[in-house]
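Let's take a relaxed tour of the hollows in this protein and of two helices that pack together. Have the structure open and turn it as you read.

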Amino acid sequence: MSIQVRNIQKQFGDFTALNNVSLDFNSGELVALLGPSGCGKTTLLRIIAGLEHADSGVVILDGEDTSATHVRDRNVGFVFQHYALFKHMTVFDNVAFGMRMKPRSQRLSKAEIADKVHSLLKLVQLDWLADRFPSQLSGGQRQRIALARALAVEPKVLLLDEPFGALDAKVRKELRRWLRRLHDELHITSIFVTHDQEEALEVADRVVLMNQGQVEQIGTPEEVYQHPATPFVYGFLGSVNLFKGRHLDDGVQVGDARLAKAGTVVHKPGELEQGAEVLAFARPHEIDIHTEAGFDGGIPARVVRLLRFGLSTRVELDSVGDGPVQHFDVEIDAAQTVSLNLQEGQVVRLSAKALKVFEQPTAAAAGA
């Protein structure tokens with residue numbers, strides 16, 4: 001089932017949750033709605049499900065305007081963050097619940113329901129827990145049962161609101177891989193909400209980045225990570241270092257230092273004026289550390305902490321000089337760790353192998 005939302009507007013009092021949002025979700029794809037808390041992603045999911053109503057705009061499911069259609073008639077499966085299993089029912093009865101509640105004319109026989117429940121429990125690899133109660137399950141098991149229950153009514157759309165948000169990191173990682181494999185098997189049009197960048201990039205076919213009730217960028221995980229369209233997207237996806245300075249033809253000037261030279265600044269030629277105030281971003285592996293006394297370029301910084309993880313080392317640094325202290329993260333490999341022989345408290349200089357540069361928004365634009 002394809003989904004289109006057109007010009008969705010939603011206010012909660014004076015707060016704008018969604019501001020003229022329009023999106024297309026293709027049939028059979030898995031899409032992540034990604035963004036910080038309060039950006040509108042859960043509100044949008046609930047409007048698609050019919051659990052919330054938009055102030056204006058329409059929701060179109062398979063070409064039909066369902067904006068006024070009741071949630072029970074949308075054929076949508078919904079999985080919440082906190083499982084929402086019936087505590088007094090066994091696993092079997094939880095999964096069977098939706099099928100038993102259908103009108104008699106649409107309801108399967110008792111034997112058919114039992115066969116389908118066992119089939120779904122095998123699908124989520126928990127058929128051996130049919131007689132248990134939710135209190136006897138782990139968090140990951142409960143979430144898989146919640147997903148089986150959502151699938152039991154054969155929804156055309158599956159909506160998941162922070163499905164793994166209440167779980168620990170290890171279980172989250174296991175379940176998101178499992179969800180990806182399950183989706184590849186079932187091919188149900190699925191939308192899931194998350195604020196976890198790694199989760200979205202690892203699981204989704206496409207990612208919708210949202211901020212302050214608006215869509216910042218849509219694309220494949222590779223597109224949004226490698227080619228962020230706005231400073232927000234760059235800063236939100238993964239670890240990043242931010243520098244404020246002036247754009248020059250051969251680099252970016254930060255204070256008295258030249259941060260990057262010709263060929264390292266990524267932007268469209270002629271896009272920025274000479275001397276324009278810019279925001280420059282570099283990921284930790286795109287920064288070089290210089291310890292030699294003869295190197296007079298780059299930005300001075302003091303080593304605060306060295307964190308060694310296997311074949312790489314993360315170096316945490318603070319800026320040196322006047323003005324507010326700025327923090328930087330740099331990632332170096334094992335060979336560099338040995339050759340640089342960095343010590344906490346040591347002053348070094350930082351230069352960039354690559355920068356993504358955006359013109360600084362004006363005060364008026366930033367407040368818009």
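## Two helices side by side

This is a predicted model, and we begin with a pair of helices. The axes of α4 and α5 are 11 Å apart, and the two helices pack at an angle of about 20°. Angles under 35 degrees count as roughly parallel, so α4 is roughly parallel to α5. Their crossing is right-handed.

Which residues make the contact? From α4 come Gly140, Gln143, Arg144, Leu147 and Leu151, while α5 brings Val171, Leu175, Trp178, Leu179, Leu182 and Leu186. Sort the residues of this contact by class and you get eight nonpolar, two polar and one charged. Keep some of these names in mind, since they turn up again below.

## Closed spaces: the cavities

How many cavities of 30 Å³ or more does a search of the whole structure find? The count is two. The largest cavity holds about 50 Å³ of space. Around it you'll find Leu158, Leu179, Leu182, His183, Leu186, Ile188 and Ser190. Helix α5, which covers residues 169–186, gives the most to this lining, with four residues. Leu179, Leu182 and Leu186 of α5 also belong to the contact with α4. By class, the lining of the largest cavity has five nonpolar residues, two polar ones and no charged ones.

The second largest cavity has a volume of about 40 Å³. Its lining is made of Val79, Gln143, Arg144, Leu147, Leu160, Pro163, Phe164 and Trp178. Which helix gives the largest share of that lining? It's α4 (residues 139–152), with three residues. Here, too, you can spot residues from the helix contact: Gln143, Arg144 and Leu147 of α4, along with Trp178 of α5. The lining of this second largest cavity includes one charged residue and one polar residue, next to six nonpolar ones.

## The largest pocket

Now for the open spaces. The largest pocket has a volume of about 780 Å³. It is lined by 25 residues, and those closest to its centre are Arg72, Val76, Gly77, Gly98 and Val153. Three elements give two or more residues to the lining: strand β6 (76–79), helix α2 (91–100) and helix α4. So far α4 has appeared in the packing with α5 and in the lining of the second largest cavity, and here it is again in the largest pocket.

Which element gives the largest share of this pocket's lining? That would be β6, with four residues. As for the classes, the lining of the largest pocket has 16 nonpolar residues, four polar and five charged.

## The second largest pocket

Next, move along the chain to another set of residues. The second largest pocket holds about 440 Å³ of space. There are 18 residues in its lining, and Val254, Ile299, Ser319, Val320 and Asp322 lie nearest its centre. The elements that give two or more residues to this lining are β11 (241–248) and β17 (299–309).

Of these, β11 provides the largest share, three residues. The classes split into ten nonpolar, five polar and three charged residues in the lining of the second largest pocket.

Note on methods:
Residues numbered from 1 in each chain as written. Predicted model: local features only at pLDDT ≥ 70, side-chain atom pairs only at ≥ 80, totals over all residues. Heavy atoms only, no water. 1 Å grid on protein atoms, 1.4 Å probe; cavity = no way out; pocket = protein on both sides within 12 Å on 5 of 7 lines; lining within 4 Å. Points joined across faces, edges and corners; volume = space filled by probe spheres on them. Nonpolar A, V, L, I, M, F, W, Y, C, P; charged D, E, K, R; others polar. Axes fitted to C-alpha atoms, helices over the stretch in contact; angles between N-to-C directions. Parallel < 35°, antiparallel > 145°, perpendicular 65-115°, else oblique. Left-handed = near helix turned anticlockwise from the far one by under 90°. Contact = heavy atoms within 4.5 Å.
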